[in-house]
Structures are given as structure tokens and as C-alpha cells.
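User: Could you take a close look at one part of this model for me, the first helix and whatever packs against it? I'd also like a bit of context from the rest of the chain.

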Amino acid sequence: MDKREVILSTAEQVFCREGFRATGVDRLLEPAGASTRTLYKHFGSKNGLALAILKGRDQRFFAAMNAVAETGPVSGMFDVLLDWMGEEGGVGCPFLRALGEYHSEDPEIAAFAQSHKQRMRALIAERVEAAVGAPDPRLADQVWLLFEGAVSAAAVAGDEMVDAARDAAEALVAAASKR
């Protein structure tokens with residue numbers, strides 16, 4: 001793994017545990033054994049590093065979500081989320097954290113985080129439509145709220161919150177399918 005990838009990997013872990021803006025550059029670079037010069041060479045700034053981490057996480061997340069399309073349009077997303085949290089860590093959503101921390105500080109990072117959430121909302125709407133056979137914006141919003149809530153609740157009360165959200169989403173979809 002080259003130095004850029006090492007910095008991305010280790011800094012992502014630190015950012016996800018400790019936050020973006022409050023974490024100093026030295027703290028981010030220490031686990032990678034990298035210098036500030038190397039950070040600026042590869043990312044331009046600490047904010048550039050944060051954006052690169054969010055973009056990489058976004059790509060990995062949607063690749064995992066898209067890989068499960070055939071295993072259940074709605075429940076499969078919750079299965080991916082559960083696996084994701086096991087592999088990537090379940091300490092909350094770094095996109096929401098970034099949106100909150102960079103809202104007025106760095107509009108590019110905030111816009112990317114917002115875009116990630118909107119893309120997830122659109123994906124859920126597509127999966128709900130596939131499950132019930134027609135667009136259902138209200139049901140899609142309900143499932144999206146369950147999905148987002150599962151991320152937050154799992155950080156506080158454990159992974160079983162994802163199972164509870166999946167069960168609720170499946171019940172909503174099943175009820176809508178009978179209409």
C-alpha cells in the first residue's frame with residue numbers, strides 16, 4: 001500500500017472515532033508515520049484529506065449497496081448496513097458528522113455529505129418501488145428514516161437496532177404491497 005493509501009486508511013479511522021475538525025493534523029498522520037509535507041503533497045490540506053476519505057467511503061458504501069440489489073430490494077440494504085458496520089465500525093455516520101462540522105466551514109465537504117445522503121434516499125426510493133411495483137414516495141421516506149435511524153441507534157444501543165429497523169421496513173413494505 002502506498003503512503004497515500006496508508007494515510008487515507010489510518011486517518012479515516014481517526015476521523016470516524018474522534019471527529020473531523022477537532023482532530024489535529026499530527027494526530028491524523030501519526031498512525032501512518034507520515035509528515036505534514038506528505039499530507040499536503042497528496043491532499044492539499046486537512047480538509048482535502050477529509051473530502052478524499054468521504055469520497056472513498058461513499059464509493060465503497062454504494063458498491064456494497066448495489067451488489068445486494070437482487071437479494072431483497074429493501075431488507076438487503078439493512079443486511080449490507082449490518083455487515084458494513086461490522087467491517088467499518090458503527091460509531092455513527094461520518095457523513096452526518098462531516099455535514100455538521102463543515103456546514104459553514106467548508107461548503108464542498110458539506111455538499112458532498114449532503115449528496116451522499118440524498119443518493120441514499122434515492123436508492124431507497126428505487127428499492128421501494130421495485131418491492132411494491134410502483135413509486136411510493138411516502139413509503140420510501142419512511143424506509144429511509146428507518147435506515148438513517150438504524151445507523152444512529154446502533155451507535156448507542158448496538159447492532160440489534162439495525163435488525164429492528166429492518167423488521168419495521170419489511171412490515172411497511174409488506175403492508176404497502178397488499179394495497
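Analyst: Here is a walk through the first helix and its partners, followed by some context from elsewhere in the chain. Keep in mind that this is a predicted model.

Let's set the scene. The chain has nine helices and zero strands, so to speak an α-α-α-α-α-α-α-α-α run when read from the N terminus. Its C-alpha trace spans about 60 × 30 × 25 Å along the principal axes. Of the 179 residues, 42% count as buried. Take the contacts in the chain with a separation of 6 or more: residues 24 or more positions apart account for 67% of them.

Now to α1, which covers residues 3–18. One of its partners is helix α3, residues 36–43. The two pack at an angle of about 100°, and their axes are 10 Å apart. An angle from 65 to 115 degrees counts as roughly perpendicular, and that is why α1 and α3 get this label. On the α1 side the contact is made by K3, R4, I7 and L8, while α3 brings in T38, H42 and F43. Sorted by character, the residues of this contact come out as three nonpolar, two polar and two charged.

Another partner is helix α4, residues 46–67. Here the axes come within 10 Å and cross at roughly 90°, so α1 and α4 are roughly perpendicular to each other as well. From α1, the contact uses R4, I7, L8, A11, E12, F15 and C16. From α4 come K46, L49, A50, A52, I53, R57 and R60. The make-up here is nine nonpolar, no polar and five charged. R4, I7 and L8 are worth clicking on, as they take part in the contact with α3 and also in the one with α4.

If you want a single residue to zoom in on, try E12. This glutamate lies in helix α1 and counts as buried because its relative accessibility is 9%, with the cut-off for buried set at under 20%. Leaving aside residues up to four places away in sequence, E12 touches I7, I53, R57, R60 and E88. Three of those names, I53, R57 and R60, turn up on the α4 side of the helix contact too.

Moving on to the rings, the structure holds six aromatic pairs. F61, F62, F78, W84 and F147 form one aromatic cluster. F62 has a further neighbour, since the charged end of R119 sits over its ring, 4.0 Å from the centre. A similar arrangement involves R121, whose charged end sits over the ring of W144 at 4.9 Å from the ring centre.

Two more spots round out the context. A125 is found in helix α7, residues 107–132, and is partly exposed, with a relative accessible area of 31%. Its C-alpha is 8.1 Å from that of L139, which is 14 residues away in sequence. D106, for its part, is found in the loop between α6 (94–102) and α7. With a relative accessible area of 13%, D106 is buried. The C-alpha atoms of D106 and A169 are separated by 35 Å, and the two residues are 63 apart along the chain.

Definitions and conventions. Residues numbered from 1 in each chain as written. Predicted model: local features only at pLDDT ≥ 70, side-chain atom pairs only at ≥ 80, totals over all residues. Heavy atoms only, no water. Phe/Tyr/Trp six-rings, centres within 6.5 Å; stacked < 30°, edge-to-face > 60°. Lys NZ or Arg CZ within 6 Å of the ring centre and 35° of its normal. Axes fitted to C-alpha atoms, helices over the stretch in contact; angles between N-to-C directions. Helix = DSSP H or I, 4+ residues; strand = E, 2+ residues; numbered from the N terminus. Parallel < 35°, antiparallel > 145°, perpendicular 65-115°, else oblique. Contact = heavy atoms within 4.5 Å. Nonpolar A, V, L, I, M, F, W, Y, C, P; charged D, E, K, R; others polar. Buried < 20%, exposed > 50% of the residue type's maximum accessible area, 1.4 Å probe, protein only.
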